[in-house]
Amino acid sequence: VKTAPGFSPGWSVPATLDARVAAVLGYLVGDGHVSRVKRHLGLTTGDIEQAERFASLVREVFSVEAKTKKDGDRYRVLAHAEALSDLVVSFFGLTEGPSAAQKRVPAMVMRSPEAVVRAFLRAYFDCDGYAGRQGVILSTKSEEMSRQVQLLLMNFGVLSRRRAQR
């Protein structure tokens, strides 16, 4: 990852797209959100370990404090950093606001080495995947996301099929 021209955030910007950055992106694409209006990004999950992992990664990778709070039966992790929200949207191509049907694998992840892709998929499946009697299932509203994940899985030798859920 190279800093976008004219971008001076005042916090840490990683020099490369490594597995930690890819994991943050995977969590954000899965159960995360980016709000440029509220100037934050975050994750909502029922799993405290997942919440703590995301908060830790945001701290390690971007040097931004992410606060975790309990909200009913879920945990909300929020990182208030307008420049970071702008970066993940403008530079990495993540969607903002309510946009589940438009989500995609970031183009940089699609072109990354195996270890980076693996970290992204692991975090993404941690959010939107589950294992059951029919095997491992990934649920997404985004047709493009399902195609891209299928392609990435094929690169690892994993055959999969896509089907619409009702």
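Arg147 and Glu144 both belong to helix α6, where they sit three residues apart, about one turn of the helix; helices here are DSSP runs of H or I with at least four residues, and they are numbered from the N terminus. The side chains of these two residues meet in a salt bridge, with N to O at 2.8 Å, the term being used for a side-chain nitrogen of Lys or Arg within 4 Å of a carboxyl oxygen of Asp or Glu. Arg147 is partly exposed, with a relative accessible area of 40%, and Glu144 is likewise partly exposed, at 28%; buried is reserved for residues under 20% relative accessible area and exposed for those over 50%, with partly exposed in between, as computed with a 1.4 Å probe on protein chains only.

The model is predicted, so that local features need pLDDT of at least 70 and side-chain atom pairs count only at pLDDT 80 or more, whereas totals for chains, interfaces and linings use all residues. Residues are numbered from 1 along each chain as its sequence is written, and side-chain values use heavy atoms, with hydrogens and water left out.

Helix α6 takes part in another contact of this kind, in which the side chains of Glu143 and Arg162 form a salt bridge at 3.0 Å, N to O. Because Glu143 lies in helix α6 (residues 143-155) and Arg162 in the segment after α6, this pair ties together parts that are 19 residues apart in sequence. Glu143 counts as partly exposed at 45% relative accessibility, and Arg162 does so at 35%. A network of salt bridges links Arg104, Glu143, Glu144, Arg147 and Arg162.

The structure holds nine salt bridges. One of them joins Glu60 to Arg20, whose closest N and O atoms are 3.8 Å apart. Since Glu60 lies in helix α2 (residues 48-62) and Arg20 in helix α1 (residues 19-31), the pair ties together parts that are 40 residues apart in sequence. Glu60 is partly exposed at 41% relative accessibility, and Arg20 is partly exposed at 33%.

Helix α5 can be considered through its length and its burial. Its 15 residues (residues 114-128) should span 21 Å at 1.5 Å a residue, and the end C-alpha atoms are 21 Å apart, which agrees; the expected span is 1.5 Å times one less than the number of residues. The buried residues of α5 are Val116, Val117, Ala119, Phe120, Leu121, Ala123, Tyr124, Phe125, Cys127 and Asp128.

Terms used:
Helices (H or I, at least four residues) and strands (E, at least two) are DSSP runs, numbered from the N terminus.
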